[in-house]
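Here are some notes for a colleague opening this structure for the first time. They are meant to be read beside the sequence and the 3D view.

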Amino acid sequence: MDTGKITTWIDQAQPILVAFGLKALGAIAVFVVGRWLINVATSLVGAGMTRHKLDPTVQRYLVSFISVALNIILVVAILGYFGVETTSFAALVAGAGVAIGAAWSGLLGNFASGIFLLVLRPYQVGDYVGVGGIEGTVLELGLFGTTITTPDNVKTIVGNGKIMGGDIKNFSANPHRRVELVAQLAGSADAHKAIALLKESVSKVANIAKSPAVDVEILEFNEFGPKLAVRPYCHTSHYWQVYFDTNKAIADTLGAAGFPVATRPVKVYPV
């Protein structure tokens, strides 16, 4: 074999091998540094979710997803550094990202709404609220959903996106709440006497606020007779106790005073 040709090949290959070796060393350095940065980033994200008391299962899932996504980006970058065509691969990854994003749209919407709820604070833990068609006491305000205990003691989780997209009623925001009840009187009853008796008796119901005072007024007239609006005020935590006790007070007061029972008037038709 011609030693001159071998020497020529070696001389020609040497710059290529040196360049490839330098690129390989650079790629290894980028990979090591990139992996370190990815570990730091995922650790910070995991610590942040732990501070917000996110469910451990969800934490591991999100951290794993972020780690895989960043590692794919790192590998694509290294392949591009070596001159490998990555356009098709990047398009595939982008398509998968779009599909995953579409599947996660509801979850991400709940997450974004949770951030707004944590910042704006329209309600807090312990408040009695009406959100997303559910009414009850707030147990937890999470990043993805709000946990509520309903009056019939059912634990319900409402998505934060549904809450932000609808009306929010916070019954605990004000110092008192009005209980709205009615008392139907017969047409022959003395409405003024009934109003005076009900104001006196209802104001004695436990846990009713002294100010504002109980409202008892004629609400309307119907075929039975005058209908009275009976409206005491109380703290939200006593609402149902005041509601039921006031109904009892209405029945006992009108019954003890001998008020006639409201009945539908008999219609007389001409023969």
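The points below go through the sheets, the helices, the cores and a few backbone details.

1. Status of the model. This is a predicted model. Residue numbers count from 1 along each chain as its sequence is written.

2. The three-stranded sheet. Strands 7, 9 and 8 form an open, antiparallel sheet in the order 7-9-8. Strand 7 (181-184) and strand 8 (215-221) each have a single partner strand and stand at the edges, so one side of each has no neighbour in the sheet. On average, neighbouring strands here are turned by 30 degrees against each other, direction ignored.

3. Pairing inside that sheet. Strand 7 and strand 9 (residues 226-231) run antiparallel and are joined by four bridges. To find this pairing in the view, start from Ala-183, whose bridge partner in strand 9 is Leu-228.

4. Helices across the sheet. Helix 6 (residues 191-202) lies across strand 7, strand 8 and strand 9, and runs at about 145 degrees to strand 8. Helix 7 (residues 239-256) lies across strand 7 and strand 9, with an angle of about 15 degrees to strand 7.

5. The largest nonpolar core. This core has 23 residues, and Leu-198, Leu-228, Val-230 and Leu-254 have the most contacts inside it. At least two of its residues come from each of strand 7, helix 6, strand 9 and helix 7. Which residues does Leu-198 contact, leaving aside its neighbours within four places in sequence? They are Ala-183, Ser-203, Val-216, Leu-228, Val-230, Ile-250, Thr-253 and Leu-254. Another core, of nine residues, lies apart from the largest one and has Val-129, Val-131, Val-138 and Ile-163 among its members.

6. Thr-253. Is this residue of helix 7 buried or exposed? Thr-253 counts as buried because its relative accessibility is 15%, and the cut-off for buried is under 20%. Its side chain reaches the backbone oxygen of Ala-249 at 2.7 Å. Not counting residues up to four places away in sequence, Thr-253 touches Leu-197, Leu-198 and Ser-201.

7. The five-stranded sheet. A second open sheet to look at has five strands in the order 4-3-2-1-5, with antiparallel pairing. Its edges are strand 4 (155-159) and strand 5 (168-170); each has a single partner strand, so one side of each is left without a neighbour in the sheet. From one strand to the next, the twist averages 45 degrees. Four bridges pair strand 2 (residues 134-141) with strand 3 (residues 145-149) in the antiparallel sense. One place to see this pairing is Glu-140, whose bridge partner in strand 3 is Thr-147.

8. Backbone details to check. Most residues other than glycine have a negative phi, and most peptide bonds are trans. The bond joining Ser-211 and Pro-212 is a cis peptide bond, with omega about 0 degrees. Pro-212 belongs to the loop between helix 6 and strand 8. Asn-207 is found in the loop between helix 6 and strand 8, and its phi is positive, near 70 degrees. Asn-207 counts as partly exposed, at 41% relative accessibility. Asn-153, in the loop between strand 3 and strand 4, has a positive phi of about 65 degrees without being a glycine. Asn-153 is exposed, with a relative accessible area of 65%.

Definitions and conventions. This is a predicted model: local features need pLDDT of at least 70, side-chain atom pairs count only at pLDDT 80 or more; totals for chains, interfaces and linings use all residues. Side-chain values use heavy atoms; hydrogens and water are left out. Two strands pair if DSSP finds at least two bridges between them. Axes are lines fitted to C-alpha atoms, for helices over the stretch in contact, and angles run from 0 to 180 degrees between N-to-C directions. Contact means heavy atoms within 4.5 Å. A nonpolar core is a set of buried Ala, Val, Leu, Ile, Met, Phe, Trp, Tyr and Cys residues joined through side-chain atoms within 4.5 Å. Buried means under 20% relative accessible area, exposed over 50%, partly exposed in between (1.4 Å probe, protein chains only). A polar contact is a pair of N or O atoms within 3.5 Å; within protein, one must be able to donate a hydrogen and the other to accept it, and residues adjacent in sequence count only if both atoms are side-chain atoms.
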